[in-house]
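Morning, everyone. I have one chain to walk you through today. Let me put it on the screen.

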Amino acid sequence: MRLNLTGQRYGRLTVLYRTRNVRHGQYDVVCRCKCGTITTVALNHLRLSRTVSCGCFRMEQARKASPKGEAHGAAKLTEADIQEIFNRRTQGMLQREIAAEYGVARTTIAAILQRRKWRHLHR
Ligand SMILES: [Zn+2]
């Protein structure tokens, strides 16, 4: 049976045409991604939704998974917070109690106390 795939959409990909290449009994198809990239993928990968973009989607996901700067862990603490954390520790508060209060990981508190971060702040 002859398949008419042209114009079919799979995720971000729109099928342009089918190639003559056959891999594992499946045709490769040439698609245009939403981002404008032309990519060749195996038809069964499209069908199984293994391939949903030219690779830009995966890159975006990876970027989301490892945010930089402000969104990242300790960056949400202000310099005043850091001073306060030192004070609390001096007063005998446990690292995990401080961490819970500030909503950060205990390891973040540990790093602050060990002055691995905010070194510039410190006396
Ligand atoms: Zn793309």
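A word on terms before the layout: helices and strands here are DSSP runs, at least four residues for a helix and at least two for a strand, numbered from the N terminus. On that basis, reading along the sequence gives β-β-β-β-α-α-α-α-α. That comes to five helices and four strands.

This is a predicted model. So, confidence next. The mean pLDDT of the chain is 82, and 83% of the residues reach 70 or more. Among the elements, S1 has the highest mean, at 92, and H2 the lowest, at 80. Residues 69-74 are the stretch to watch. There, pLDDT stays under 50. The model does have eleven contacts for that stretch beyond four places in sequence. But where pLDDT is low, the predicted coordinates should not be read in detail.

Now the sheet. It is open, it has four strands, and the order is S1-S2-S3-S4 with antiparallel pairing. S1, residues 9-10, and S4 stand at the edges with a single partner strand each, so each has one side without a neighbour in the sheet.

Take the pairs in turn. S2, residues 13-23, runs antiparallel to S3, residues 26-33, over seven bridges. For register, Val15 stands opposite Cys31 in S3. Tyr17 stands opposite Val30 in S3. The two strands form a hairpin with two residues between them. His24 sits in that turn, with a positive phi of about 50°.

On to S4, residues 38-42. S3 and S4 pair in the antiparallel sense over five bridges. Here Val30 stands opposite Thr40 in S4. So what does the backbone do in this second hairpin, at Gly36? Gly36 takes a positive phi near 105°, and the hairpin has four residues between its strands.

One general reminder while we are on strands. In a regular strand the side chains alternate between the two faces of the sheet.

Next, packing. Buried residues make up 14% of the 123 residues in the chain. Of the contacts with a separation of 6 or more, 29% are between residues 24 or more positions apart.

Which residues make up the largest nonpolar core? There are eight: Tyr10, Leu13, Val15, Val29, Cys31, Val41, Leu43 and Leu46. S2, S3 and helix H1, residues 43-47, are the elements that give two or more residues to this core. A second, separate core has five residues, including Ile85, Ile98, Ile109 and Ile112.

Stay with Val41 for a moment. Outside its neighbours within four places in sequence, Val41 is in contact with Asp28, Val29, Cys31, Leu46 and Thr51.

That brings in Thr51, which sits in the loop between H1 and helix H2, residues 56-65. Is Thr51 buried or exposed? The cut-off for buried is 20 or more other C-beta atoms within 10 Å. Thr51 has 23, so this loop residue is buried. Beyond four places in sequence, Thr51 contacts Val41, His45 and Leu46. Gly11 is 40 residues away along the chain, yet its C-alpha is separated from that of Thr51 by 7.9 Å.

Now the helices further along. H3 covers residues 79-90, twelve residues in all. From first C-alpha to last, H3 reaches 17 Å, close to the 16 Å expected at 1.5 Å a residue. Just after H3, Gly92 takes a positive phi of about 95°.

H5 is residues 106-113, and its buried residues are Thr108, Ile109 and Ile112. Why do these line one face of the helix? Because, seen down the axis of H5, they fall within an arc of 100°. What do they pack against? H3 and helix H4, residues 95-102. Just after H5, Arg115 has a positive phi of about 60°.

Last residue: Arg89, in helix H3. Arg89 counts as partly exposed, with 16 C-beta neighbours inside 10 Å. Not counting residues up to four places away in sequence, Arg89 touches Ile98 and Leu113. Arg89 and Leu113 are 24 residues apart along the chain, and their C-alpha atoms are separated by 8.2 Å.

To recap: an open antiparallel sheet of four strands, five helices in the chain, and a largest nonpolar core of eight residues with a second, separate core of five. And keep the low pLDDT over residues 69-74 in mind. Over to you.

Notes: Residues numbered from 1 in each chain as written. Expected span 1.5 Å × (residues − 1). Buried ≥ 20, exposed ≤ 12 C-beta atoms within 10 Å, placed from the backbone. Arc of directions from axis to C-beta. Contact = placed C-beta atoms within 7 Å. Pairing = 2+ DSSP bridges. Core = buried A, V, L, I, M, F, W, Y, C linked by C-beta atoms within 7 Å. pLDDT = per-residue confidence, 0-100.
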